[in-house]
Amino acid sequence: MNPQLSVMTTIRGGVFTRADARACGYPDPDIDSLLDTGGWRRIRRGTYAPHQTLTLVDEEMLHLRRLYDVLRYGEPGLIASHQSAAALHGLPLWGLDLSHLHLTTRTGRAGRRSGGVHRHVRDPVGPGVQLWNKLHLVTPSRAVAEVAATCALAPAVALADAALYAGLVTPSSLKRAANQLPRGTDRAHRVLAHAGTPSASVAESRLRLILTEAGLPSPSASPPPVLTPDEPSPDPSVDLEGCILWFPDERTVIEFDPRIPFWRSDSDDDLEEHSDDDSLDGPDATSPDPLEYCWISWADLDHPSHVIHQVQTAFTRAIRRTGVRVFDPNRPRRKPTTHLLRF
């Protein structure tokens, strides 16, 4: 089930209609096939539910249901924006404030209301507005730019990474949306400067941001050497694929808890073809040099200074084991001393 249909299922309390599925990109033959094979089950005529789905009433679900009611039955001219639009696009909402609905309109008084609505007044409303399943909302690029201009750095970067990973936006569309904001353009561009990394989860986005802000080396795009039996992962229950950062110069592998993975509409054939690519073996796959390992948990990410200390300690251990020191071209250099000979 794609994220937007998951959104509609959340809004309707665990069920969805055939019209919802069509609006989310499912043609009738695919709908009938999922019903015939048991992937979806009929609740009543024209209404379905995913097979064996546990629906949790959480803050995100309450936000989406309130948002749907306001957009469908509230005053005309309201457009979902900021994190409310991001929720409708099925993007991860980690770290974002969902206590208020964010709506953009041409008229009224801007600011928060006692009814739990944050009204953004903009006349004209501006570009980047779309209609989806009878709901007016801003496009993914504009939603990400608006969040980047108004929210904390880490959640905004994770949201931008997720939108890029899902293919909903491009770097150029994000830059264009940020330039079209009435305010907060500089702040939005600071967030977008951190986005674009190949992160596959919120945890990876947070970790990469911490390392970048600390000025630590960037991880390699190539995979690390194969893990050896005598150096297992600190948490055997975690699948290491997609939750590893490899630093070849430091001979260090950082493993982390892949919490809140991003969604991407790659087919299984594409994934299998990618996994069989010989280039994934990397130039260091058969290297006999010893490796150092560092485990970062989801809770560790709440304490950036602790994460930085763990990573730097792992780098130091690797230097001691390999006996290889990495030359830093930016290190301060001593001034040459002049020795005077006296006769």
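Me: Which residues in H7 meet residues in H9?

Reply: Happy to walk through it, keeping in mind that this is a predicted model. On the H7 side, Leu153, Ala156, Val157 and Ala160 make the contact, and their counterparts in H9 are Arg190, Val191, Leu192 and His194. Sorted by class, this contact of H7 with H9 holds 6 nonpolar, 1 polar and 1 charged residues.

Me: At what angle do H7 and H9 pack, and how far apart are their axes?

Reply: Start with the two axes. Helix H7 covers residues 153-166 and helix H9 covers residues 185-194; the angle is about 60 degrees, and the axes lie 9 Å apart. Because roughly perpendicular begins at 65 degrees, that angle makes H7 oblique to H9.

Me: Is the crossing of H7 and H9 left-handed or right-handed?

Reply: Handedness is a separate thing to read from the angle. Here H7 passes H9 in a right-handed crossing.

Me: Now the sheet, please. What is the order of the strands?

Reply: Read across the sheet rather than along the chain. The order is E1-E3-E2 in an open sheet of 3 strands, with antiparallel pairing. Strand E1 (16-17) and strand E2 (40-44) are the edge strands, each pairing on one side only.

Me: How many bridges join E1 and E3?

Reply: E1 pairs with strand E3 (residues 47-50) over 2 bridges, in the antiparallel sense. For one residue of the pairing, look at threonine 17, whose bridge partner in E3 is threonine 47.

Me: Which helix packs on the sheet?

Reply: That is helix H3, residues 28-37, which touches E2 and E3. The direction of H3 makes about 95 degrees with that of E2.

Notes: Residues are numbered from 1 along each chain as its sequence is written. This is a predicted model: local features need pLDDT of at least 70, side-chain atom pairs count only at pLDDT 80 or more; totals for chains, interfaces and linings use all residues. Side-chain values use heavy atoms; hydrogens and water are left out. Axes are lines fitted to C-alpha atoms, for helices over the stretch in contact, and angles run from 0 to 180 degrees between N-to-C directions. Helices (H or I, at least four residues) and strands (E, at least two) are DSSP runs, numbered from the N terminus. Angles under 35 degrees count as roughly parallel, over 145 as roughly antiparallel, 65 to 115 as roughly perpendicular and the rest as oblique. A crossing is left-handed if the near helix is turned anticlockwise from the far one by less than a right angle, and right-handed if clockwise. Contact means heavy atoms within 4.5 Å. Ala, Val, Leu, Ile, Met, Phe, Trp, Tyr, Cys and Pro count as nonpolar, Asp, Glu, Lys and Arg as charged, and the others, Gly among them, as polar. Two strands pair if DSSP finds at least two bridges between them.
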